[in-house]
Structure formats: structure tokens, C-alpha cells
Amino acid sequence: MNRLWAAGTLAVLLIALAVVALLVIPWHRPPAPRPDQLDALRQLPADKVARAREFRSELRPGSYASMILGLVIALVIGLTPIGAWLVTQAGRPFGGHWLAQAVLGGFLVVLVSEVVTLPLAAWRHTIVVRYGISTQSWGAWSVDLLKSFAVGAVIGGLALAGFYTVTHFAPRWWWAFGAAGAAGLVVLLSFVLPVLVEPVFNKFTPMPDGPLRTELIQLAARDGVPVKDVLVADASRRTKAVNAYVSGLGPTRRIVVYDTMLTEAEPAEVVSVAAHELGHAKDGDVLTGTLLGALGTAAAVIALFLLGSWGWLLNRAGADTIGEPKAIGLLLAVVALAGLVAGPAQAFVSRRIEARADQHALVLTGDPATFEAMQRRLGTVNLSDPDPPAWEHVLFASHPSTVERMAAARAFARGDR
Ligand SMILES: [Zn+2]
């Protein structure tokens with residue numbers, strides 16, 4: 001009965017996910033014509049393109065090795081009794097209490113994977129510094145690393161404590177409470193990330209009064225998106241890269257521009273970037289991501305519950321049920337695998353949403369030339385490959401490539417869309 005309910009709820013959630021995805025994701029937004037892209041590529045300075053490609057190919061081995069190693073460790077810990085052993089050891093000082101096993105065991109399992117992949121992260125840092133993108137010393141880099149461990153520990157600790165409290169007190173129906181709780185956590189995180197987590201890493205100050213600020217506020221008003229303020233992040237403390245983003249929901253929604261953007265780019269280009277971010281705000285893209293994330297996470301919890309009846313898996317992990325802390329390793333291995341599989345789908349959706357925000361910027365500013373100049377600047381300063389290998393783009397890219405975005409501006413200028 002219980003399993004039937006779970007399967008039924010999972011089906012409903014998956015249908016809801018499909019319906020929301022069909023309705024809110026701009027599927028019909030294929031990249032601009034390839035000849036325009038190749039034209040754009042030919043007009044970029046050849047030495048800059050070569051340097052960006054050299055940079056990216058130096059980063060590749062470390063990035064992929066880290067990804068593969070992380071997955072292998074997750075599978076080894078999850079599909080052997082090592083995970084159960086780690087969790088038991090972590091709970092031992094507390095008499096093997098289930099809550100201690102859940103939180104400390106979870107930390108220990110994650111820590112093993114972090115420590116093993118740390119040298120690869122350090123290797124990537126040396127490359128990013130050598131190419132002049134990162135401005136961070138080893139000290140500052142380590143502080144960032146410790147901060148992200150701490151943030152992960154707080155959020156992960158709360159999630160683990162919540163999850164295993166539910167499995168402990170509702171051993172048969174935890175899937176229902178767990179799914180609701182996980183969805184709630186995703187929504188809560190969207191609200192609090194900009195006010196609780198982002199300030200851990202950066203200082204945010206309102207953009208100083210001046211012609212640019214006035215123009216941005218007027219642009220937002222013209223767009224019908226109420227923006228109280230544009231915030232500037234002190235990104236220059238760690239990078240030379242330029243960027244902007246929108247985060248938060250409702251009262252915590254904000255548009256953030258890197259301070260590097262203000263020193264590197266022309267004011268008109270900053271306006272173009274802000275117009276792209278206003279597109280995200282106007283189309284409710286943060287809300288879309290939150291909704292899809294909440295439905296997907298709830299579905300994942302129920303799928304995990306159903307997977308828990310697979311005796312072979314539990315035997316491998318040395319656990320009796322999937323709802324006990326001893327199965328944390330198995331749980332994290334499943335999450336790692338699912339993340340790997342879902343990654344390309346998420347990237348595809350993200351590229352379509354980003355292309356829509358680009359289109360919004362073009363319509364709002366009516367200035368494709370500046371938009372194109374801004375894309376060229378973003379690509380050049382951030383050393384991104386303007387036209388990356390197709391497989392890498394399809395698997396991992398969250399944004400259209402530089403040449404795709406430049407080509408979109410050209411198509412717009414011609415009046416194609
Ligand atoms: Zn965007």
C-alpha cells in the first residue's frame with residue numbers, strides 16, 4: 001500500500017515537472033545561424049582566441065579528473081561497506097546515536113571526497129592565477145575554501161538532520177514528509193541565499209549615485225520591473241573576470257554587478273548586461289528554477305525510497321534500509337550519479353533561458369552593436385572559448401557560447417527575430 005502511494009505520488013510529481021517544464025521553458029529558441037557564428041568568430045582577435053583556448057585546455061585535465069575521481073569515490077564509498085563503516089565511526093563518540101551518525105557521518109563521507117580531490121582544485125587554482133584571471137593568494141583561496149565548507153556543513157547538516165529525523169520517526173512514510181521537506185528547503189534556500197550566503201563571500205554595496213545608476217533604474221522602470229537598487233559586489237578581491245547576475249525571490253530579489261564590470265566595461269555595456277538580468281527578473285527565471293528544483297528534489301526523495309527495496313544495493317552498502325544513517329554513502333552515491341545524468345538536461349534548459357534573457361536585452365536596449373561588444377568583452381576578459389567543442393558545450397555549458405550570442409545580436413540587427 002505504502003509503496004503504491006509512493007509510486008503514485010512520484011508519477012504525479014513527474015507529470016507536474018513535465019507540465020511546468022513544457023509551459024515555462026522557452027524550448028523554441030534555437031541558436032542563431034551557424035554562418036553568423038563563424039563570421040563572428042573570424043572577427044575576434046586570433047591571438048585572444050588562441051590564448052582562451054590554451055587556458056581552457058590547460059584547465060580541462062584537472063576539471064575532468066576531479067569530476068571522475070569524485071564519482072569513483074562516491075561509488076566506492078556507497079557500494080561497499082566502507083560508507084557504513086565511516087558512519088559508524090563518526091557516531092561512536094556519541095554512543096552510536098542515530099542523529100550523530102546522520103550529521104557527523106554525512107560530514108565524514110563528504111570530507112573524504114573533498115580531501116582526495118583537493119590537490120586537483122589546487123592545481124586548477126595555479127592555472128587560473130597563471131593566466132591572470134584569479135587575483136587570490138593561497139591564503140585567500142584557502143579562506144574561501146573553508147568558508148564554502150562551513151556553508152555546506154550548515155546547509156548539509158540541517159538537511160541530513162531533517163531527513164534522518166523523518167526516517168527515524170516515520171520509518172514507513174518518510175518518503176512523504178521527506179519529499180515535502182526537501183521541496184520546502186529548496187524554496188527557502190532561494191529566498192535566503194542572497195541575504196545569508198552570498199555576503200559570506202562578497203561585500204555588496206549599492207551602486208553609487210551617478211548617470212549610470214540613474215540610467216539602470218530608468219531602464220528597469222521602462223521594463224516594468226521594480227528594482228530598488230543595483231548592487232555592486234567586490235568581486236575584484238578574487239578575480240579579474242566580469243559578470244552580473246540576478247538572485248533571490250520577492251523581497252530578496254536583487255541585481256548584482258561585479259565591480260570588475262564597472263572598471264573593465266563601457267557604461268553602455270553595463271546597461272546591456274543589466275538589461276539581460278532584467279530579462280531574468282521579468283520572466284521569473286529564479287522562480288522557474290526554484291519550482292523545477294523543488295519538484296525535482298521531491299521526486300528524487302521518493303525515487304530514493306523506492307530504490308530502497310532493491311536488496312542487492314543495500315547488501316553492497318552493508319545497510320538494512322535506505323532510511324538509516326548507515327546508508328548515507330549509498331544515498332550520496334545515488335545523488336552523485338543522478339547529478340551527472342541530470343547535468344546536461346539542466347545545462348540545456350539553462351542555455352535556452354539565457355538565450356531568452358539575451359533577446360530581452362536586445363529588445364529593451366534596441367542596441368545590438370553594444371550587446372555584441374559586451375559579449376566580446378565578457379568572452380575576452382573571462383578567457384572563455386568563444387566557440388567551444390560541441391560535446392563540451394552540449395554537456396556542460398550553462399550559457400550560449402560567445403559566438404552564438406554575437407550571432408543572435410546580428411540576427412536581431414537584421415530584423416530576423
Ligand atoms: Zn543570464
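**Zinc site, helical spans and hairpin in the predicted model**

The unreviewed UniProt entry assigns the feature "domain: CAAX prenyl protease 1 N-terminal" to residues 46–203. In the predicted model, this span is 86% helix and 0% strand, with its end C-alpha atoms 36 Å apart. The same kind of record, an unreviewed UniProt entry, places the feature "transmembrane region" at residues 6–25, 64–86, 98–123, 144–167, 173–197, 286–307 and 327–349. Among them, residues 6–25 are 95% helix and 0% strand, and the end C-alpha atoms of this span are separated by 27 Å. Residues 173–197 are likewise helical, at 96% helix and 0% strand, with 32 Å between the end C-alpha atoms.

A zinc ion is coordinated by three protein donors, namely H276 through NE2, H280 through NE2 and E354 through OE, at distances of 2.0 to 2.1 Å. Along the chain, the zinc donors conform to the spacing H-x3-H-x73-E. Distant parts of the chain are thereby linked: H280 belongs to helix α10 (residues 267–282), whereas E354, 74 residues away, belongs to helix α13 (residues 328–365). Both H280 and E354 are buried.

Strand structure is present in a hairpin formed by β3 and β4, with six residues between the strands. Strand β3 (residues 244–247) runs antiparallel to strand β4 (residues 254–258), and four bridges join the two. One of the bridge pairs consists of A244 and V257, the latter in β4. Within the hairpin, G248 adopts a positive phi near 85°.

Conventions:
Residues numbered from 1 in each chain as written. Predicted model: local features only at pLDDT ≥ 70, side-chain atom pairs only at ≥ 80, totals over all residues. Heavy atoms only, no water. Donors = N, O, S within 2.8 Å, 3.2 Å for Na, K, Ca; no water. Buried < 20%, exposed > 50% of the residue type's maximum accessible area, 1.4 Å probe, protein only. UniProt positions renumbered as here; feature names shortened; annotations may be inferred. Pairing = 2+ DSSP bridges.
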